[in-house]
Structure formats: C-alpha cells, structure tokens
Amino acid sequence: MNSRFLWKLFAGYAFLILLATGLVGGLVGRSISSATLSETDVRLQSVAVLSRALAVDALESGGSADELGSLLRSVGASLDARITLFDADGAPFVDSQLEAVAPTAGPRTQRPEVTGALASERTVVTRWSASEGRRLRFLALPLEVDGRRAGVVRVSLPLDALDARLDELKEALFVGTSVAILVALGLGYLYARRVTRPLLEMADAATDIAAGAFDRRVESASNDELGRLARAFNSMSRELRSSVEAMLSDRNKLSAILASMVEGVVAVDRDERVVHMNAVAGRLLKVDPRRVSSHPIWEITRIHEVSQVLSESMERRALVEREIRLAGSPDRILRLASSPLETEQGLSGAVLMLDDVTQLRHLETMRRDFVANVSHELKTPITAIRGLAETLIDDPDVDGETRGRFLGRVLVQVERMADLVNDLLSLARFESGASDLEPSPMDLRLPVRLSVRGLTTASETKGVQLHIDLPAEPVLVDGEEEALRQAVSNLLDNAIKYAPAHSAVEVRVLRDATHAMVEVEDHGPGIEPVHQARLFERFYRVDKARSRELGGTGLGLAIVKHIALAFGGEVSVDSQPGRGSIFRIRMPLAVEEPTGAVAHVG
Ligand code: ADP
C-alpha cells in the first residue's frame, strides 16, 4: 500500500516499540546481572566470615600455617571458593589452592581488595586476576587476632561461570524481546493499516470528487471519530453535488439563453478581457467565440469603437450606445450598447450587446427614398391639375373648346394619379411579408391568355402584332391567376409601349423538368447593360421623360418582381440595345395535380 501516512504512523509506532522493549530489556538485563552479583557477594561473605572465624581460631590457638592451610583447603574445596590469608603487610601466607605460598607472590598494589581491607573494613572488588588468567570477584575482610589487626581474609570466586549464565539469560531475553518486537511490529502494521485505510479511502474519494465524480462515497461503518468523519465527508459530497449541479444548470441555462439570443453578447472583465462571447457576437465580430476567452477584446477585434464603448460604460457606470460602420462588401452597420456589470463586490466588467442593423438602416433609407419618390410622382400631376384649374377659374370667359381641352388634360393627370395609386396598392399587396396571396396549383397558360386578351386593343391601336405560343398541355405552377395575369400584363404592356409600330411582340410559355417560364419578347430599343440590374427597383426608369410620356409609373417591373417572388419564382431580363428585350418570369412547377378541372380560355 503506497501511503506515506501509513508509513509515518508505523514508523512512530515502531520507534515506540523499539524504545520500550530496548529500555525494558536493558533494565531487566542490568537487574539480572546485579542480582546475580549480589548473590555471589552473599556467598563470598559467608565463606569469608567462616574462613575468618577458622583462621582467628587457629592463629589464636597458635596453630601452624600448614594446619590452617589444609583446613582452609578443605573448606575452599567444599565451598568451591579460593580462600587466601594475608598478613598485616598484605603478603599472602595461606592459600586454599596452594600447598605453599611464596612470600613474595606479587606486589601488594595489585590487590586493591587487600589494601582496602587492611585500611578499613570489608572490601569487594571485581578484577582480572593475572595469576588465574580470568575475571574474579574478591571479597576481603580484616583479620583481627587478640584484638589487633593481623591481616586479611580474602575469598574469591571466578565470574566466568556467572558471566556465561548471564549471557545465556541475556540471550534468552534478547530472543524474547526480538520475537515480541516482531510480533508487535506486525500487529502495529496491521493496526496502522486499519487506521489509515478509511483515511486513504477518503483521500482517494476527495481526489475523485475534485475530478468531478460527485457520486463517490466512503464507507462509514464504525462509530468512532473516523466513522463520523466518513459520514460528514459523505454528506459534504452530497451537498457539493447538489450545489455543483445547481450551479451547472444555472450556467447551462444562462449559456442557452445567451446562445439563443438574436443579438450578439460579449461580457468582459474590468481589464476588458473576454469572459463570455455568444455565437452571434462571434459572427458579427468575425472571431471564433471558443478561442477568445481571457483575451483582451481589443486584441481580438481590433475595432477601436468596441473597446471604447466598453471602457466608457465602465468609467461612467452607465449605458453607452453607438452605431458603427464596418467596411466590407457590403458594409455592415453595428449597433453597440454597453452597460457596466455591477456585483456586490463592485464593478466587475461590462456587457456589450451587438446588433446588426444594416438591414434596418437599409430599409429606412429605402422607405425615405420611396416616400420622396411617391411625393415627387404625385406632385407633378397635382401641379398640372392646379395650373389648369387656376387658368379656368381666372378666365371665366374661356371658350368651350379650350375648356374641354383643359378638362381633358385634367382627366389625363387624374388617370396618372389613379394609375400610380393602383400600382402602389399592388406593390403593397405583393411585397414580401405583406402578401395575402394563397398560391394553389394552376395552369400558367390561363393568366397568359387573359393578359393577351386584355392588351389586344392596345396592341392593335399601336399596330403591334401579338404572337402567342403556348404548349398543348397545361403547365402547372403554384400561383394565383389574377396576380400572374397582372405580372404578364405589365411585361406585355411595356413591350407594346416600347416596341416600334408594326413590329411583333411574342409571348411564350415554356417548361423544363422543374420550372415553367413566361417570356415576353419585343424588338424595341432594348436596354443598356448598366440599367438591367436596377430595372426592377421601384421608380427606376431608364428614360424618365419617355416613361412619363408613355404613361408609366416606374412601378410596373417592381410589381412583376414581387409577384414572381411571392410564388417562389424570379424575374430576369435579356436585352441587347437596338435589338429588343426578352423579359422572363421563371417559377417552379407545381408538385401536386390540380384539384379542380382546368379552365380553358380560348
Ligand atoms: P414604367 O412604368 O416606366 O414602364 P417599369 O417598371 O415597367 O416602369 O419599367 C421600368 C423601366 O424599364 C422603364 O422606364 C423603361 O425605361 C424600361 N423598360 C421596361 N420595359 C422595357 C422594354 N420592353 N424595352 C425597353 N425598356 C423597357
């Protein structure tokens, strides 16, 4: 088990065991040696006292040294001790292990026990005996004969047997304590493991939880502090889980809200580093929102106004709005609105809302132009009518013929205004979004026939021949008859108007695998390429004077375009100046069969 805590605990435990057993072993060993020694001393003492009594007795009764020697030899032999007698000068004169003692046997200084006993009382010494070549315990008692100090009785015992016994005892003690230490260490390891296991488990669980595994629990079987810790740990991880989940769900909600917003949102901190950017903002600022987090907004966008608006709103602690134009093809207009982000801790950054208002501004411009155009178009007939009416009022004597002519001109202007108003109403009706058209499958040949019929008189008046070329089979499209009739009529009307007298105008209906087409071809003046793209704009005219002269409003082709778009189609022009033009409405074929019978108009 790789746990530093376990080994620390175990090391401390092992140290304590070793210290305790070492101390106990040492003390026991020492007390065994001292007990054995004092037991020896007791023996030496009793032998010495006995020998002294025998020696005093023999000396006082005037016995010879030999007699005393043999007496002490037998005592020494039976008591397994060596008994030596010294005279008052410290020289040996009887020895239980020697037949005769040489008077000069060794210097006195080598026998501290003898010197000690001569000088004072009982002396006990352990020392190396050179004569015997081993360690001995000596006990010496002063010898007093007839009330005077006559020498010393010394008894000695070899210590090697004792040492051997002590060694044996110590060995046994050592083996015993070693076994005890091993067992204690083994048990200590098991114990340390038992104590550290729940802690380790908790440490592992904490690591797992930190990595996001909030389901992780630890066992809490025991009732002690560790059990309590485990239970506290589990309840903490449960709470952590629920708060993290709540936090995540809040964050997800917020991200979902920000992601689904139509406006771009950028949140920055006080140093103008990006905290969050939603996808729309990324698109508007042309950056990848996943790669901008923590980067300064200026570094990311390089748009001076963006960081200016942010810092201004943080400085003034107020909403700051601005509109900027970003160069490109086409140019884009962005509306920026930055408000400071205030939290309980104070200002923590700012939130910038970005709105692409290009389309809006474009529409506004279009609307302004449109109103100006309409006003202008109405002003011309109104001015004319006013002039004619004023002339008639000013001159009541005007003759009947002139009056009739004037009134005729008034009528022409009124019709012009009526045409304009009608065209405006049509445009309003067909314009995308405002359209109330309900397309249904119908035969495209039908509105073409109707419009040709409606313009036959006009073509005949101008001397233009109308050629109509229709397929034999019905051509089904999703459309509305009246609207398509109006579209084809507008094209045909233009063609008749611009075609030279006695030329031909052709109307064709064609189809391919997916689309149907109506073509109106004339052999008139044609249109310069520069004008072709703008021809379908409202009030766009190539030649204003000529258009007015021909009674045009400048709205005819715009109406055609919106009708075609309303049915999922498109309108285009193919024209060569001086040779003529082909206007073409192209729309998808209907998928379904018509429900009703196809009406035929001959
Ligand atoms: P208008 O009422 O002036 O005809 P339109 O929207 O129908 O308005 O046409 C726009 C302009 O396109 C016209 O003023 C004219 O200059 C040009 N135009 C349209 N049809 C033709 C055509 N068949 N041949 C030449 N020019 C045409």
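**Exercise 1.** In which strand is Gly 479 found? State also whether Gly 479 is buried or exposed.

Solution. The model is a predicted one.
- Step 1: Gly 479 is found in strand S13, which covers residues 476–479.
- Step 2: the relative accessible area of Gly 479 is 2%. Buried means under 20%, so Gly 479 is buried.
- Step 3: for a position elsewhere in the chain, take Thr 514, which is 35 residues from Gly 479 along the chain. The C-alpha atoms of the two residues are separated by 15 Å.

**Exercise 2.** Place Thr 40 in its helix and find the backbone oxygen that the side chain of Thr 40 reaches.

Solution.
- Step 1: the helix is H1, residues 4–60.
- Step 2: Thr 40 has 10% relative accessibility and therefore counts as buried.
- Step 3: the backbone oxygen belongs to Thr 36, and the side chain of Thr 40 reaches this atom at 2.8 Å.

**Exercise 3.** Classify Asp 397 as buried or exposed, and list the residues of the negative surface patch that contains Asp 397.

Solution.
- Step 1: Asp 397 lies in a loop, with helix H9 (358–394) on one side and helix H10 (400–430) on the other.
- Step 2: exposed means over 50% relative accessible area. Asp 397 has 70% relative accessibility, so Asp 397 counts as exposed.
- Step 3: the patch is formed by Asp 397 together with Glu 390, Asp 394, Asp 395, Asp 399 and Glu 401.

**Exercise 4.** How many salt bridges are there? Describe the pairs Asp 95–Arg 82, Arg 316–Glu 312 and Arg 541–Glu 377.

Solution. Side chains of opposite charge can pair when their charged atoms come close.
- Step 1: with a cut-off of 4 Å from nitrogen to carboxyl oxygen, the count comes to 27 salt bridges.
- Step 2: Asp 95 and Arg 82 meet at 2.9 Å, N to O. Asp 95 is in strand S2 (residues 92–95) and Arg 82 in strand S1 (residues 82–87), so this salt bridge ties together parts 13 residues apart in sequence. Asp 95 and Arg 82 are both buried.
- Step 3: in the salt bridge of Arg 316 with Glu 312, the closest N and O atoms are 2.9 Å apart. Both residues lie in helix H8 (residues 304–316), 4 residues apart, which is about one turn of the helix.
- Step 4: Arg 541 and Glu 377 form a salt bridge at 2.8 Å, N to O. This pair links distant parts of the chain, 164 residues apart: Arg 541 is in the loop between helix H13 (529–532) and helix H14 (544–549), and Glu 377 is in helix H9. Both partners, Arg 541 and Glu 377, are buried.

**Exercise 5.** Which residues are linked with Arg 508 in a network of salt bridges?

Solution. The network links Arg 508 with Glu 506, Glu 519, Glu 521, Asp 574 and Arg 584.

Methods
Residues numbered from 1 in each chain as written. Predicted model: local features only at pLDDT ≥ 70, side-chain atom pairs only at ≥ 80, totals over all residues. Heavy atoms only, no water. Patch = residues over 30% accessible without salt bridge, like charges linked within 9 Å, V, L, I, M, F, W, Y side chains within 5 Å. Areas by Shrake-Rupley, 256 points an atom, 1.4 Å probe, with all protein chains shown as cover. Salt bridge = Lys/Arg side-chain N within 4 Å of Asp/Glu carboxyl O. Lys, Arg positive; Asp, Glu negative; His and termini not counted. Charge placed at Lys NZ, Arg CZ, Asp CG, Glu CD. Helix = DSSP H or I, 4+ residues; strand = E, 2+ residues; numbered from the N terminus. Buried < 20%, exposed > 50% of the residue type's maximum accessible area, 1.4 Å probe, protein only. Polar contact = N/O pair within 3.5 Å; in protein donor to acceptor, adjacent residues only side chain to side chain.
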